[in-house]
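Open the model in your viewer and keep the selection panel at hand. The stops below say what to pick and what is there.

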Amino acid sequence: MKCFSQQNNCPQVVYSLEQSKYYLIDSSILPEVYGKVMQAKNYILSGEAASVSQAVKMAGISRSAYYKYKDKISEYKSDDGKAVTIGAKLTDNAGVLSSVMNEVYLAGANVLSINQRSPVNDIADVSITVSLGDTSLTTKEMLQKIKEVGGVKSAEII
């Protein structure tokens, strides 16, 4: 590569001809250190550890092992297609949305997002995205439970 600056102060440019390859591997066949690096990362993310030093002590690995692998390993979490967005029309009465959220909670689903528009003619449009995760409920059963809440005019998968 040639520099065309009169002062000959061009930044060094490095081109990599190799691209990273990624594999999805069952953690049971990996060396133990990889799992411990993920534990340390999770301690930091959750706030259980205030620093990297504390996190690596809790995980039982060295700081050098953590720094060697921390940017090279990530945990894969699949929602197995169980995330669903429900659109509902709710009456503008106190506690209706709260009752809907209570049904979601009782079902064991995880709320990912809630959006509510201002009520028009005493009806508010709401969209709720939930992950059914490990619940035994189907999408249809979740929708039916929401429809049965007092003040819910309609609910459908969007």
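Select lysine 70. In this predicted model, lysine 70 is partly exposed, because its relative accessibility is 24%. Add aspartate 71: the two form a salt bridge, with their closest N and O atoms 3.1 Å apart. Aspartate 71 has a relative accessible area of 63%, so it counts as exposed.

Next, select helix α1, residues 32-46. Show the side chains of glutamate 32 and lysine 36, which meet in a salt bridge at 3.5 Å, N to O. Both sit in α1, four residues apart, about one turn of the helix. Glutamate 32 is exposed at 59% relative accessibility. Lysine 36 is partly exposed, at 21%.

Now pick aspartate 125 and lysine 89. Their side chains form a salt bridge, 2.7 Å from N to O. This pair links distant parts of the chain: aspartate 125 belongs to strand β3 and lysine 89 to strand β1, 36 residues apart. Aspartate 125 is partly exposed at 25% relative accessibility; lysine 89 is partly exposed at 37%. Add Arg117 to the selection: Lys89, Arg117 and Asp125 are linked in a network of salt bridges. The count of salt bridges comes to four.

Stay with β3 (123-131) and add β2 (110-116). The two strands pair in the antiparallel sense over six bridges. Valine 111 has valine 130 in β3 as its bridge partner. Together β2 and β3 form a hairpin with six residues between them.

Which residues in the loop deserve a backbone check? Asparagine 121 has a positive phi of about 55 degrees, although it is not a glycine. Aspartate 122, also not a glycine, has a positive phi of about 65 degrees. Most residues other than glycine have a negative phi. Asparagine 121 is exposed at 72% relative accessibility, and aspartate 122 is exposed at 54%.

Turn to the interior. Select Leu90, Val100, Val130, Met142, Ile146, Val152 and Ala155: of the 21 residues in the largest nonpolar core, these touch the most other members. β1 (83-91), α4 (96-106), β3, α5 (139-147) and β4 (152-157) each supply at least two residues of this core. Center on isoleucine 146. Leaving aside neighbours within four places in sequence, isoleucine 146 is in contact with Ile86, Val100, Val104, Val152 and Ala155.

One last selection: Val37, Met38, Tyr43 and Ile73. They are among the twelve residues of another core, which lies apart from the largest one.

Terms used:
Residues numbered from 1 in each chain as written. Predicted model: local features only at pLDDT ≥ 70, side-chain atom pairs only at ≥ 80, totals over all residues. Heavy atoms only, no water. Buried < 20%, exposed > 50% of the residue type's maximum accessible area, 1.4 Å probe, protein only. Pairing = 2+ DSSP bridges. Core = buried A, V, L, I, M, F, W, Y, C linked by side-chain atoms within 4.5 Å. Contact = heavy atoms within 4.5 Å.
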